[in-house]
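Thanks for making the time. I would like to go through one model with you, beginning with the fold of each chain and then turning to the place where the chains meet.

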Amino acid sequence: MTSLPSAAARLLRGFRVFDFSSAELPGEARRRRVFEALVLIECAWANLVWAEYIAHVESIAHPLGIAHHVPLDWMLDGRVPWLNAALITACLALGFARRVPWAYAAALVLMLFQYAARYSIGEIPHGANLIGMCLLAFATAPLLFRDRFQAERCVMGLVWLSISIGYVSAACCKMIATGPTWIRGEYMALSIHNKLVDAFAKSGVYAPSALQDLLVEQRWAGTLFSAAGLCFELGSVFVLHARWRPLALGALVILHLGIGFILEIWFRSATLVLVLLALPASWFAWPARERLASGASRAARSADLS
Amino acid sequence: MSAGLAVRPEAAARRAWRASAVLLCVYAALVATHEGEFWPFSIYPMFSEGGKPWVRTVVYEVEPRAVAGMSWQPQPRESLPGVPFAAREHGIEVIDLAKYISMTQGWDAARVEGLRRMLGEAARGRTLVFHRVAGRLVPTPEGPTVQVEYRPFVAIDDGAAYHEGAI
């Protein structure tokens with residue numbers, strides 16, 4: 001039987017954020033590449049959507065981020081956001097093609113301006129924060145490592161850190177602003193009414209779902225769902241744990257689906273990224289011949305270096 | 001790139017952790033000095049204040065002459081005059097609209113013009129009433145209960161604007 005201290009020691013040893021020594025799993029390299037492509041597509045798409053909206057922005061009414069330091073009125077010229085979106089897309093493509101090591105960093109800097117110009121009129125959404133953090137990881141790693149394998153492993157470590165810090169921070173904010181009573185069903189009911197009014201204003205139709213009705217009328221159900229959400233956020237610390245990572249990521253996917261169905265806020269980019277990272281790497285190993293070759297070559301390489 | 005560019009795993013991990021420490025310091029410094037938001041960094045404060053009252057805006061389209069005899073008192077959603085105006089169909093962001101309406105202290109000509117610009121073509125040929133919707137928890141003997149109040153706040157048509165009377 002395993003003693004408690006040894007179980008705790010094993011648990012602690014499992015917290016591996018930056019892993020440069022273990023062998024590549026079959027499909028792991030391809031999953032990283034698909035993940036990278038997904039983040040880049042989401043970034044490019046977000047920039048186009050922001051560019052379209054900036055045309056409606058009259059002035060930088062409530063400066064956000066970089067807009068506190070750089071006047072962004074020039075961004076409100078009709079063509080500038082589109083030109084910026086085109087430049088960002090070009091930088092993302094150059095980064096993906098591994099042509100220019102600083103291409104992702106340039107894309108990130110240009111996105112700071114695009115984001116600030118779009119959201120300096122009041123609303124502060126968080127739908128693009130995770131892809132922004134992923135882009136920061138893509139931008140940082142090639143500047144640290146010239147070896148592609150090590151740069152890609154570094155990216156993943158930075159991504160695990162970003163996910164974990166983000167969700168734990170969200171849980172901490174709730175504990176600081178409200179405390180443990182944050183999980184009360186009444187608070188959930190008030191938030192649901194808020195989102196129902198938002199949906200009504202958007203669509204002109206007031207139509208709560210059966211789940212929303214249940215949570216508004218049965219406060220214990222709201223308390224249960226809120227408590228589960230808070231646990232999932234705090235549990236994101238296990239994204240840093242090699243063994244429990246898929247489970248922690250899966251819990252965050254469930255959290256986002258819950259937010260989507262209950263509050264009608266769909267964090268599409270973040271959810272897609274989390275789903276992709278939670279999937280087993282072996283699902284990306286095709287054909288089988290490549291699966292074997294990839295595993296063998298990485299294992300040999302790791303053995304050489306260690 | 002070739003494997004010859006690789007550093008030993010232990011050295012690579014040290015380098016990655018040092019870079020992470022620098023990034024975390026930048027993260028902390030930026031969110032601490034920018035009210036928790038500096039994209040892509042954030043402290044993610046959304047929904048952190050349980051039970052916090054909220055204010056939104058809902059728009060109704062009414063008959064041109066309906067504004068003159070309209071009540072400006074709070075009323076239930078079911079008895080609001082006119083038909084709901086679907087903002088999304090006209091490319092209007094309701095959160096931005098709600099912020100604009102709730103942050104406007106006095107409805108002068110400039111603020112009304114800003115509102116018209118936000119609505120764009122959607123406002124043309126229509127009489128629109130903007131209701132301020134406020135949600136909060138009110139204490140009752142059975143415990144806190146959600147109260148949502150709809151109150152006409154401002155109305156516009158092609159030629160004029162009204163805020164509890166003509167502006």
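Read along the sequence, chain A of this predicted model goes α-α-α-α-α-α-α-α-α-α-α-α, that is, twelve helices and zero strands. If you look at the C-alpha trace of chain A, its extents along the principal axes are about 60 × 60 × 35 Å.

Before leaving chain A, I want to point to one pair of side chains, A:Glu36 and A:Arg98, which form a salt bridge with an N to O distance of 2.8 Å. A:Glu36 sits in helix α2 of chain A, while A:Arg98 belongs to the loop between α3 (80–96) and α4, so this salt bridge ties together parts that lie 62 residues apart in sequence. Over all chains, the search of the whole structure returns 22 salt bridges.

Let me move to chain B, and to its sheet. Five strands make up an open sheet in the order β4-β3-β5-β6-β7, and the pairing is antiparallel. The edges are held by β4 (83–84) and β7 (161–162) of chain B, and because each of these has a single partner strand, one side of each is left without a neighbour in the sheet.

Going through the pairings, β3 of chain B, residues 54–62, and β5 of chain B, residues 127–138, are antiparallel and share nine bridges; B:Tyr60, for instance, has B:Val129 in β5(B) as its bridge partner. Between β5(B) and β6(B), which are again antiparallel, there are eleven bridges, and here B:Arg136 is placed opposite B:Gln147 in β6(B). These two strands, β5(B) and β6(B), form a hairpin with six residues between them, and in that turn B:Gly143 takes a positive phi of about 115°. The pairing of β6(B) with β7(B), also antiparallel, comes down to two bridges, with B:Ala155 opposite B:Tyr162 in β7(B), and the hairpin that joins these strands passes through four residues.

What lies across this sheet within chain B itself? Helix α3 of chain B, residues 109–119, lies across β5, β6 and β7 of chain B and runs at about 100° to β6(B).

Two backbone details in chain B deserve a careful look. As background, most residues other than glycine have a negative phi, and most peptide bonds are trans. B:Glu35, which is not a glycine, nevertheless has a positive phi of about 55°, and it is found in the loop between α1 (9–33) and β1 of chain B. The peptide bond from B:Trp39 to B:Pro40, for its part, is cis, with omega near 5°, and B:Pro40 is located in the loop between β1 (37–38) and β2 (41–42) of chain B.

That brings me to the interface. How many residues does each chain bring to the contact? Chain A brings 72 residues and chain B brings 64 residues. The area buried between chain A and chain B is about 6,100 Å², and carbon and sulfur atoms give 68% of that area. On the side of chain A, the three residues A:His126, A:Leu190 and A:Lys202 supply 11% of the area that chain A buries against chain B, which is more than any other three residues.

As for the polar part, there are 19 residue pairs in polar contact between chain A and chain B, counting pairs with both residues at pLDDT 80 or more. Several helices of chain A each supply at least two residues to the side that touches chain B, among them α2 (28–54), α4 (103–118) and α12 (288–305), but the helix that gives the most is α7(A), with 14 residues. Sorted by class, that side of chain A holds 38 nonpolar, 20 polar and 14 charged residues.

The salt bridges between chain A and chain B number two, and one of them links B:Asp96 to A:Arg118, with the closest N and O atoms 3.7 Å apart.

I would end on α7(A), since here the helix of one chain and the sheet of the other come together. Which strands of chain B does α7(A) lie across? They are β3, β4, β5 and β6 (145–156), and the helix runs at about 30° to β3(B).

Note on methods: Residues are numbered from 1 along each chain as its sequence is written. Chains are lettered from A and ligands numbered from 1 in the order in which they are written. This is a predicted model: local features need pLDDT of at least 70, side-chain atom pairs count only at pLDDT 80 or more; totals for chains, interfaces and linings use all residues. Side-chain values use heavy atoms; hydrogens and water are left out. Contact means heavy atoms within 4.5 Å. Buried area is the accessible area (1.4 Å probe) that two parts lose on being put together, summed over both. A salt bridge is a side-chain nitrogen of Lys or Arg within 4 Å of a carboxyl oxygen of Asp or Glu. A polar contact is a pair of N or O atoms within 3.5 Å; within protein, one must be able to donate a hydrogen and the other to accept it, and residues adjacent in sequence count only if both atoms are side-chain atoms. Ala, Val, Leu, Ile, Met, Phe, Trp, Tyr, Cys and Pro count as nonpolar, Asp, Glu, Lys and Arg as charged, and the others, Gly among them, as polar. Two strands pair if DSSP finds at least two bridges between them. Axes are lines fitted to C-alpha atoms, for helices over the stretch in contact, and angles run from 0 to 180 degrees between N-to-C directions.
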